[in-house]
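Please walk me through this protein for someone who has not seen it before. Start with the whole chain and then go to single residues.

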Amino acid sequence: MVLASSPHITSGETIPYLMTQVILALIPGLLVGIYFFGMDALRVLAITTASAVGFEALIQRLMKKKITIRDRSAAVTGILLAMNLPSGAPWWLCMIGSAFAILICKHLYGGLGYNPFNPALAARVFLLISWPIQMTRWPVPHPAFEHAVDAVTGATPLGRMKESLLMHGNLSGIADIPWMDPFLGYVGGSLGEISALALIVGGLYLIARRVITWHIPAGFLGTVAVTAAIFHQIDPARYASPLFHLVTGGLILGAFFMATDLVTSPVTRRGMVIFGIGCGLITMMIRYWGGYPEGVSFSILLMNAATPLIDRWVKPRIFGTVRGKKARE
């Protein structure tokens, strides 16, 4: 199944097939998270995935519906939620997040295909607002096989940027961050968002397999890059470079894996570009002038709410008809 505008054609792509492709694409980002955060990352991943599948089976059994955990959609939600959590997140926080994603964000609206918001992202924002301390306690990454103190925590690059602007009015606090560190994953952050390179590899795999198209990622990342370039040109002492914004935070994870959710994004390609541009603009507004250093989750959820409006505005041409002068002749 591929959700798109008409005309529709039959293909051999099923929900389990698509979910499997997404899981395969997420593996590089997960491996980097496990490499830098160790067993804690595996613990969070195991709890969110198992509890998401368990809550899916439980609610479907209580509602006397067919149990569909074999379609792997609940597993994907659990994996994506784990990638949006700190590796030091307590077990109860992981289970509450999975319950909120599956029970409230998915089945309260009717199940797969009916949810207006991305369940994993909505759960992440719910946890961030409800338990901000536990959700922003970032363990410092250290490569596997190197001895380090597990309890050390630190700020993310975006957090350091925000603190530097508030305390000094400039970007001196991030001057010592080489751009290769967030590109490869050697920075603090959610366990699945720290390596831009690994996530780009997974995103390109999804595009190559035609699970997603390039329109939303290109609109999202392009808008962030252009906006950052304009402001950086105006005042480089206060506004970070486009490269810094592209490789830090959850931008790459959001652009390729969260904003492209087939259920909660527009069905037309023009609509997808508009959706991506909206995500990019809101992300930069929050990063520049908002209270949170990161804005990707909020921007995608706000654009999820705008998706029905975009689909009504950007209606695809009815198959078999022509537009403009040719139609009047």
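The paragraphs below go from the overall fold to chosen places in the chain.

The model shown here is predicted. Its protein chain has 15 helices and 0 strands. Along the principal axes, the C-alpha atoms fill a box of roughly 65 × 55 × 35 Å. The chain has 329 residues, for which a compact globule would have a radius of gyration near 20 Å; the protein chain has 20 Å, so the two agree.

Burial and contacts can be described for the chain as a whole. Buried residues account for 48% of the 329 residues. Of the contacts between residues at least 6 apart in sequence, 73% join residues at least 24 apart. The accessible surface of the protein chain is about 16100 Å², and carbon and sulfur atoms hold 68% of that surface. The chain carries 25 positive and 15 negative charges, and the mean positions of these two groups lie 15 Å apart.

A helix can be looked at next. Helix 12 covers residues 251-258, and 8 of its 8 residues are buried, so this helix is largely enclosed by the rest of the structure. The buried residues of helix 12 are Leu251, Ile252, Leu253, Gly254, Ala255, Phe256, Phe257 and Met258.

One of these residues, Leu251, is also a contact of histidine 245. Histidine 245 sits in helix 11, which spans residues 242-247. Histidine 245 has a relative accessible area of 0% and is therefore buried. Leaving aside neighbours within four places in sequence, histidine 245 is in contact with Leu251 and also with Met161, Val224, Ala228, Ala240, Met284, Arg287 and Tyr288.

Two residues in helices 3 and 5 come next. Threonine 77 belongs to helix 3, residues 73-83. With 10% relative accessibility, threonine 77 counts as buried. When residues up to four places away in sequence are not counted, threonine 77 touches Ala101, Ile102, Pro119 and Ala120. Alanine 122 is part of helix 5, which runs over residues 119-130. Alanine 122 also counts as buried, because its relative accessibility is 12%, and buried means under 20%. Not counting residues up to four places away in sequence, alanine 122 touches Phe100, Cys105 and Leu301. Alanine 122 and leucine 81 are 41 residues apart in sequence, while their C-alpha atoms are 9.4 Å apart in space.

Cysteine 105, a contact of alanine 122, comes up again with the cysteines. How many disulfides does the structure hold? The structure holds 0 disulfides. Cysteine 94 is in no disulfide, and the nearest cysteine sulfur, that of cysteine 105, is 16 Å away. For cysteine 279, the closest cysteine sulfur is also in cysteine 105, at 17 Å, which is too far for a bond. Cysteine 94 has a relative accessible area of 0% and is therefore buried. Cysteine 279 is buried as well, with a relative accessible area of 0%.

The loops remain. Glycine 38 lies in the loop between helix 1 (15-37) and helix 2 (39-62). Is glycine 38 buried or partly exposed? Glycine 38 has a relative accessible area of 24% and is therefore partly exposed. Its C-alpha atom is separated by 41 Å from that of isoleucine 234, and these two residues are 196 residues apart along the chain.

Which backbone angle stands out at arginine 72? Phi of arginine 72 is near 70 degrees, a positive value in a residue other than glycine. Arginine 72 is located in the loop between helix 2 and helix 3. This arginine 72 is partly exposed, with a relative accessible area of 34%. Arginine 210 is not a glycine either, and has a positive phi of about 60 degrees. The loop that holds arginine 210 lies between helix 9 (196-208) and helix 10 (215-234). Because its relative accessibility is 69%, arginine 210 counts as exposed.

Conventions:
Residues numbered from 1 in each chain as written. Predicted model: local features only at pLDDT ≥ 70, side-chain atom pairs only at ≥ 80, totals over all residues. Heavy atoms only, no water. Helix = DSSP H or I, 4+ residues; strand = E, 2+ residues; numbered from the N terminus. Rg over C-alpha atoms; globule rule 2.2 N^0.38 Å. Buried < 20%, exposed > 50% of the residue type's maximum accessible area, 1.4 Å probe, protein only. Contact = heavy atoms within 4.5 Å. Areas by Shrake-Rupley, 256 points an atom, 1.4 Å probe, with all protein chains shown as cover. Lys, Arg positive; Asp, Glu negative; His and termini not counted. Charge placed at Lys NZ, Arg CZ, Asp CG, Glu CD. Disulfide = S-S within 2.5 Å.
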